[in-house]
Amino acid sequence: MDLCPPEIHARIFSYACTDDGTTGCSLSLVSRYIREVSLPYQWQCIALAGFKRVVQLACEIERSRPRKPVFHLFLCDRCSPPNCYPHPEDHTAYELELLPALSIILEYVSESLETLSFFSDACFYDGAIAVRHLLSFYYPCLKELTIRACCTPRQLAGFRPGDSLPCETPNLERLHLALPYHGFSSDNLQATHNLIQSISPRVSH
């Protein structure tokens, strides 16, 4: 181990840190040398399922220095048991806790992110707010986007031609939307068209 150059260790760590982020967290606890060499790879892949884990990552980001690049991110707001808030007596927890945490995370990762998957089990209202919030960031390197939520396209984009969201994904290659339609009226179809147009890369002629 002592005779192996840092470049070889770095290459090993880059391959090792391709899980949900567990390996990167473990490497940061081994020793000062391992922590420093593995630093650029510790958070390159992150998968978080659960309200509390999303909030915990936001807290960790606020303490993290220097910045660690994140290339692949999976977020799910599901609580355990499903559809239960951390504070059952206070259904505003989603707005007061998760949305601010989501802002911290997305602001941190948006510049480097290549794949983003967001699954929401929240109600129509909260899910729509979360997805609209997620789409409001600038993702210059994003190539693949997956969104599954209970909200409808009409809750995200308007039903009039030309309505669009302030979404910028100039290098997006693959888009997967799993949203309920609540019927196939012309309004819903137009909202779906507007939503896809908002997310799709702008083509200059």
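Helices here are DSSP runs of H or I with at least four residues, numbered from the N terminus. By that rule, Arg-154 is found in helix α7. The model is predicted, and the tour below starts with the whole chain before returning to that helix.

**Whole chain**

Colour the chain by pLDDT. The mean is 80, and 87% of the residues reach 70 or more. Next select residues 82–89, where the pLDDT is below 50. Beyond near neighbours in sequence, this stretch has 14 contacts in the model.

Switch to a cartoon view. The chain has 8 helices and 5 strands. Starting at the N terminus, the elements follow the order α-α-α-β-α-β-α-β-α-β-α-β-α. Of the 205 residues, 42% count as buried. Among contacts between residues at least 6 apart in sequence, 81% join residues at least 24 apart.

**Helix α1**

Select residues 6–16, which form α1. His-9, Ala-10, Phe-13 and Ser-14 are the buried positions to show as sticks. Look down the axis of α1: the buried residues fall within an arc of 140°, so they line one face of the helix. Arg-11 and Tyr-15, on the other side of α1, are exposed.

Now add α2 (22–27) and α3 (32–38), the elements against which the buried residues of α1 pack.

**The largest core**

Select β1 (45–49), α4 (51–63), β2 (72–76), α5 (93–109), β3 (115–119), α6 (124–134), β4 (144–148) and α8 (186–199). The largest nonpolar core has 46 residues, and each of these elements supplies at least two of them. Helix α5 gives the most, with 10 residues. In soluble globular proteins, nonpolar side chains tend to be buried together.

To find the residues with the most contacts inside this core, pick Leu-73, Ile-105, Leu-134, Leu-135 and Leu-145. Centre on Leu-135. Leaving out residues up to four places away in sequence, Leu-135 touches Leu-145, Ile-147, Leu-165, Pro-166, Cys-167, Leu-195 and Ile-199.

A second, separate core has 6 residues, including Ala-10, Phe-13, Leu-27 and Val-37. Two of the names in that list, Ala-10 and Phe-13, were already shown as buried residues of α1.

**Helix α6 and the loop after it**

Select α6 and show Asp-126, Gly-127, Ala-128, Ala-130, Val-131 and Leu-134, its buried residues. They pack against α5, β3, β4 and α7 (153–156).

Continue to Tyr-139, in the loop between α6 and β4. Is Tyr-139 buried or exposed? Its relative accessibility is 1%, so Tyr-139 counts as buried. Show what surrounds Tyr-139: residues up to four places away in sequence aside, it touches Leu-106, Ser-110, Leu-113, Leu-116, Leu-134, Glu-168, Thr-169 and Pro-170. For a distance label, use Leu-172, which is 33 residues from Tyr-139 in sequence, with 8.8 Å between their C-alpha atoms.

**Tyr-108 and Arg-67**

Move to Tyr-108 in helix α5. Tyr-108 counts as buried because its relative accessibility is 8%, and the cut-off for buried is under 20%. Which residues does Tyr-108 touch, not counting those up to four places away in sequence? They are Trp-43, Ile-61, Ser-64, Pro-66, Arg-67, Lys-68 and Val-70.

Turn the view until the ring of Tyr-108 faces you. The charged end of Arg-67 sits over this ring, 4.5 Å from its centre. Lys-68 is 40 residues from Tyr-108 along the chain, and their C-alpha atoms are separated by 8.9 Å. While rings are on display, note that the structure holds 2 aromatic pairs.

**Back to α7, then α8**

Return to Arg-154. It counts as partly exposed because its relative accessibility is 39%. Apart from neighbours within four places in sequence, Arg-154 is in contact with Phe-159, Asp-187, Asn-188 and Ala-191. Pro-180 is 26 residues from Arg-154 in sequence and 9.9 Å from it in space, C-alpha to C-alpha.

End on His-193, in helix α8. At 44% relative accessibility, His-193 counts as partly exposed. Draw a last distance from His-193 to Gly-162: the two are 31 residues apart along the chain, and their C-alpha atoms are separated by 9.4 Å.

Notes
Residues are numbered from 1 along each chain as its sequence is written. Side-chain values use heavy atoms; hydrogens and water are left out. pLDDT is the predictor's confidence in each residue, from 0 to 100. Contact means heavy atoms within 4.5 Å. A nonpolar core is a set of buried Ala, Val, Leu, Ile, Met, Phe, Trp, Tyr and Cys residues joined through side-chain atoms within 4.5 Å. Buried means under 20% relative accessible area, exposed over 50%, partly exposed in between (1.4 Å probe, protein chains only). The arc is that of the directions from the helix axis to the C-beta atoms. Rings of Phe, Tyr and Trp (its six-membered ring) pair if their centres lie within 6.5 Å; planes under 30 degrees apart count as stacked, over 60 as edge-to-face and the rest as tilted. A charge sits over a ring if NZ of Lys or CZ of Arg is within 6 Å of the ring centre and within 35 degrees of the ring normal.
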